[in-house]
Amino acid sequence: MAPGADAESLATAIAAVAHLKARKGAFRIALIPPEVLHALNDGLIETVNLNEFLALELPQLARSVAGHIGLDAASERLVDTLAMLSAFKPMQRHGHIARALYDLAALHDERDAVAHRLATHASDVARCWAAQWVTLSQLPLAGQLEAVRRFAADPHFGVREIAWMAVRDAVVGSLDEALALLQPWVRDDDPNIRRFASELTRPRGVWCAQIEALKAEPWRALPLLEPLRADGSRYVQNSVANWLNDASKTQAEWVDGVCARWVKESNTPETRYIAKRALRTLAKTSG
């Protein structure tokens, strides 16, 4: 590794805080133990809840991660970015850090090695930044999906959320291609991958651009939804139900019909759960 990114020293530091991985996470930021905060900001452990995520000192974490992956933490590009973070909303700050690291890596002689270190970093936030590199890559949609797959399957829930957001705009711009490319994903053995395909294409979604075409014509995504109608994973079930609930706000009759058909053709606890949750907005308006 590059100077300042001693892999052996980093591994030793991570091992020294391994006992922290079993923590449940404080229910208030003020109650986070100093040892945990230090380890989080040094990029040695993952966050376990929103409070830890919000408590991060992003400049410190960014400098730590830069050093770990072989970039110059004192570079003008990174220093300038960290100095202006307070001017942006919290989630925007992560995008600016990801961009600064991406630009520095572009100048590095071992760019691929730097990218791999970031994508496999001990910090979930660092891996989120790596997922955001996919947005910056200018790859065609198929290439972006291939690149983001590892993050869609990440063990950490936060990385998985950033993964689908990273390619959302590309999907909106090439919807028909996306719906075709994602069909194998909904039959994958990994529930995280199946959920990714559903969550990525939700007509409305959360913190992201809406997909107007699917708000108007949600049936275009049926090839993705049908294989998931009795999925055994509650994680996937909730996503499919939320997908249909999104669609019910513009195509109520269609969603009602899909749910009725699914329950008739697949009268399982899983399908009934999806249908009931999918119809929750319609149930409120009709009640």
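1. Aromatic pairs first. This is a predicted model, and it holds three aromatic pairs. One of them joins Y102 and W133 in an edge-to-face arrangement, with the ring centres 5.5 Å apart and 85° between the planes. Y102 sits in helix 6 (residues 90-106) and W133 in helix 8, so this pair ties together parts that are 31 residues apart in sequence. As for solvent, Y102 and W133 are both buried.

2. Staying with helix 8 (residues 124-136), have a look at how it packs on helix 10 (residues 157-173): the angle is about 10° and the axes are 8 Å apart. Angles under 35 degrees count as roughly parallel, and helix 8 and helix 10 are therefore roughly parallel to each other. The crossing of the two is right-handed.

3. Which residues in helix 8 meet helix 10? On the helix 8 side they are D124, R127, C128, A131, Q132, V134 and T135. Their partners in helix 10 are G158, V159, I162, A163, A166 and V167. Sorted by class, this contact has eight nonpolar residues, three polar ones and two charged ones.

4. Helix 6, which carries Y102, also packs against helix 4 (residues 58-68). Here the axes come within 11 Å and cross at roughly 25°. That angle makes helix 4 roughly parallel to helix 6. The handedness of this crossing is right-handed.

5. On the residue level, helix 4 brings L58, A62 and A66 to this contact, while helix 6 brings R93, H94, I97 and L101. The class split for helix 4 with helix 6 is five nonpolar, one polar and one charged.

6. Next, a backbone point you may want to look at yourself. Most residues other than glycine have a negative phi. Q138 is not a glycine, yet its phi is positive, at about 60°. Where is Q138 found? Q138 is in the loop between helix 8 and helix 9 (141-152). With a relative accessibility of 75%, Q138 counts as exposed, the cut-off for that label being over 50%.

7. Moving on to the loop between helix 9 and helix 10, that is where A153 is found. A153 has 28% relative accessibility and so counts as partly exposed. What is A153 in contact with, once its neighbours within four places in sequence are left aside? The list is D190, N192 and I193. For I193 there is also a backbone distance to quote: the C-alpha atoms of A153 and I193 are separated by 5.9 Å, although the two residues are 40 residues apart along the chain.

8. Last one: S233, in the loop between helix 14 (222-225) and helix 15 (234-248). Is S233 buried or exposed? At 15% relative accessibility, S233 counts as buried, since the label applies under 20%. Leaving out neighbours within four places in sequence, S233 is in contact with P191 and R194.

Methods. Residues are numbered from 1 along each chain as its sequence is written. This is a predicted model: local features need pLDDT of at least 70, side-chain atom pairs count only at pLDDT 80 or more; totals for chains, interfaces and linings use all residues. Side-chain values use heavy atoms; hydrogens and water are left out. Axes are lines fitted to C-alpha atoms, for helices over the stretch in contact, and angles run from 0 to 180 degrees between N-to-C directions. Helices (H or I, at least four residues) and strands (E, at least two) are DSSP runs, numbered from the N terminus. Angles under 35 degrees count as roughly parallel, over 145 as roughly antiparallel, 65 to 115 as roughly perpendicular and the rest as oblique. A crossing is left-handed if the near helix is turned anticlockwise from the far one by less than a right angle, and right-handed if clockwise. Contact means heavy atoms within 4.5 Å. Ala, Val, Leu, Ile, Met, Phe, Trp, Tyr, Cys and Pro count as nonpolar, Asp, Glu, Lys and Arg as charged, and the others, Gly among them, as polar. Rings of Phe, Tyr and Trp (its six-membered ring) pair if their centres lie within 6.5 Å; planes under 30 degrees apart count as stacked, over 60 as edge-to-face and the rest as tilted. Buried means under 20% relative accessible area, exposed over 50%, partly exposed in between (1.4 Å probe, protein chains only).
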